[in-house]
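Thank you for asking for comments on this model. The note below is arranged as numbered points, each on one topic.

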Amino acid sequence: MEAKERHKRSVAKEIVELAWPSITEQMLIMAVGMVSTIFVGRVGTNAIAAVGMINSLIFFFQAIFAGLATGSTVIVARLIGEENEEGARLAVMQSLIMSIAIFIGLITLGYIFAVPTIKTFFGSVSADVFKLALMYYRIVLFGLPFVIIDIIIGGALRGAGDTKTPMYITATVNVINLLLNSTLVFGVTYHGRYLIPSLGVKGSALSATISRIIGGFLQLYILYFGKRRINLDIKEKIRLDFNMMMRIIRVGIPASLEQVIMQGGFLVMQVIVSTMGTIAIAVYQIGMNANSLAFMPIFGFSIAATSLVGRSLGAKHFMLAEIYAKVSRNSAVVVISVIGVFMFIFSKQLAALYTTDPIVIKIASDIIKIFAVAEPLLAILNVMAGVLRAAGDIPYIVLTAFIGLWLFRVTIGYILGKVLGMGVYGIWIGICTDFVVRSVMYSYRFKAGRWKYIKV
């Protein structure tokens with residue numbers, strides 16, 4: 001019994017060592033995201049509404065590449081577990097080739113059809129909000145290819161067990177983003193004269209785009225010139241390996257479909273909220289932004305679970321994979337429960353960081369409290385999803401994403417929020433119902449145990 005406890009402590013230590021860089025990375029992203037939102041919120045309610053809408057659209061565009069990143073993470077983790085580092089490097093190269101081919105078409109079409117795209121999703125917003133949204137969209141679109149590079153390479157590094165390098169790059173990028181936001185949104189004055197003009201929403205868009213471009217180049221530099229297990233050689237001839245591409249695609253397409261379903265659901269929720277008025281849009285944006293407080297440790301434990309479970313399954317250590325999964329899940333629940341208590345107690349103060357509007361603060365405070373209570377369920381569903389992704393059980397995740405987001409979150413949110421007139425409160429009931437449904441479905445799948453024997 002004592003030996004078993006020592007083994008669990010050793011596993012927990014290994015998980016924490018792998019998780020903390022990802023948690024720190026998410027803390028940096030969250031902190032800069034919060035500060036950026038606070039800056040934009042000080043510009044006005046229209047500004048925070050416009051930025052929130054476009055960010056939801058950009059996240060939807062990123063979905064397909066998040067799937068490729070998942071494919072890279074899972075396959076690289078398996079190959080590292082099989083002690084096939086050459087195969088792992090080949091997998092990274094094929095992921096980059098596929099991502100470049102896809103994003104060229106996406107960026108071109110995204111810019112050409114900018115106006116009809118925004119009208120399709122957010123045509124009911126006021127003219128002022130639409131104008132700001134269009135301007136923000138056209139700028140941040142140019143940073144999207146570099147976000148994709150960051151996602152693909154970062155996913156591969158995590159699959160190889162290197163969570164520190166993505167953390168360092170994220171730290172650098174977010175410091176740059178923060179500095180640019182602090183100067184470009186409100187400008188810089190000296191003796192009453194502007195040294196740098198106040199650009200408002202445009203400044204926020206430029207800050208995000210410039211920092212994302214730098215992040216993409218940093219990832220490429222690390223991939224080719226750093227000393228990592230999956231480094232590529234700049235002199236190495238670029239080669240296509242369709243067998244490896246298909247192996248990544250078999251994981252990546254279902255993962256992309258999962259992300260399209262999820263981000264599509266998030267986008268539809270944003271569209272529904274956009275018909276409820278500017279205050280509702282601002283509250284929704286603040287609530288989702290504040291929720292990133294909770295997601296940062298969850299993401300870290302999920303990444304740790306995916307990497308460690310993937311490597312264990314590659315080495316055919318099935319029992320160890322199950323232990324990694326359980327300890328990761330339990331650790332995430334404990335940590336997130338503590339954060340949830342603080343979010344509940346300080347909900348009003350948290351909401352007041354983003355805006356000075358008393359109505360928005362009151363409603364956003366209520367929304368943050370609802371989120372705080374539901375956070376343990378969010379931990380369970382995200383860590384268990386990471387375990388099932390590592391196992392290659394992604395079709396089941398796609399199914400649960402559709403059921404949870406579309407049949408419960410979107411449907412219940414729409415009925416309660418729009419049809420029954422509960423507004424943004426109805427939206428949040430739908431979100432929490434989704435958490436309950438998916439956490440139960442993932443827990444059942446994990447307990448059944450068939451995930452351990454899936455071939456990828």
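The points that follow address confidence, one helix packing, and the pockets and cavities.

1. Confidence. The structure is a predicted model. Its mean pLDDT is 82, and 94% of the residues reach 70 or more. Confidence is not uniform along the chain: helix α1, which covers residues 2-43, has the lowest mean, at 67, whereas helix α16, residues 424-448, has the highest, at 92. Any reading of α1 should take that lowest mean into account.

2. Packing of α2 and α5. Helix α2 spans residues 45-61 and helix α5 spans residues 114-122. Their axes come within 11 Å and cross at roughly 110°. Because angles of 65 to 115 degrees count as roughly perpendicular, α2 and α5 are described as roughly perpendicular to each other.

3. Residues at that contact. From α2, the residues involved are Met 53, Ile 54, Ser 56, Leu 57 and Phe 61; they meet Thr 117, Ile 118, Phe 121 and Phe 122 of α5. By class, this contact consists of seven nonpolar and two polar residues, with no charged residue.

4. The largest pocket. This pocket holds about 190 Å³ of space. It is lined by 12 residues, of which Arg 78, Leu 313, Lys 316, Ile 454 and Lys 455 are the closest to its centre. The lining comprises six charged residues, five nonpolar and one polar.

5. The second largest pocket. Here the space amounts to about 160 Å³. The lining is formed by Met 93, Leu 96, Ile 97, Ile 100, Ile 149, Leu 220, Tyr 224 and Ile 238. Two or more of these residues come from each of α4 (85-112) and α9 (201-225). Which element gives the most to this lining? Helix α4 does, with four residues. The eight lining residues are nonpolar, and none is polar or charged. The charged residues counted in the lining of the largest pocket thus have no counterpart in the lining of the second largest pocket.

6. Cavities. How many cavities of 30 Å³ or more does a search of the whole structure find? The search finds two. The second largest cavity has a volume of about 40 Å³.

7. Lining of the second largest cavity. The residues around this cavity are Gly 41, Gly 44, Thr 45, Ile 48, Ala 282, Ile 286, Tyr 354, Thr 355 and Val 360. Helices α2 and α11 (278-314) each supply at least two of them. Five of the lining residues are nonpolar and four are polar, with none charged. Gly 41, one of these lining residues, falls within the range of α1, the helix with the lowest mean confidence.

Technical notes: Residues are numbered from 1 along each chain as its sequence is written. This is a predicted model: local features need pLDDT of at least 70, side-chain atom pairs count only at pLDDT 80 or more; totals for chains, interfaces and linings use all residues. Side-chain values use heavy atoms; hydrogens and water are left out. pLDDT is the predictor's confidence in each residue, from 0 to 100. Axes are lines fitted to C-alpha atoms, for helices over the stretch in contact, and angles run from 0 to 180 degrees between N-to-C directions. Angles under 35 degrees count as roughly parallel, over 145 as roughly antiparallel, 65 to 115 as roughly perpendicular and the rest as oblique. Contact means heavy atoms within 4.5 Å. Ala, Val, Leu, Ile, Met, Phe, Trp, Tyr, Cys and Pro count as nonpolar, Asp, Glu, Lys and Arg as charged, and the others, Gly among them, as polar. On a 1 Å grid over the protein atoms alone, a cavity is a set of points where a 1.4 Å probe fits but cannot get out, and a pocket is an open set with protein on both sides within 12 Å along at least five of seven lines; lining residues have an atom within 4 Å of a point. Grid points are joined across faces, edges and corners, and a volume is the space filled by probe spheres set on the points.
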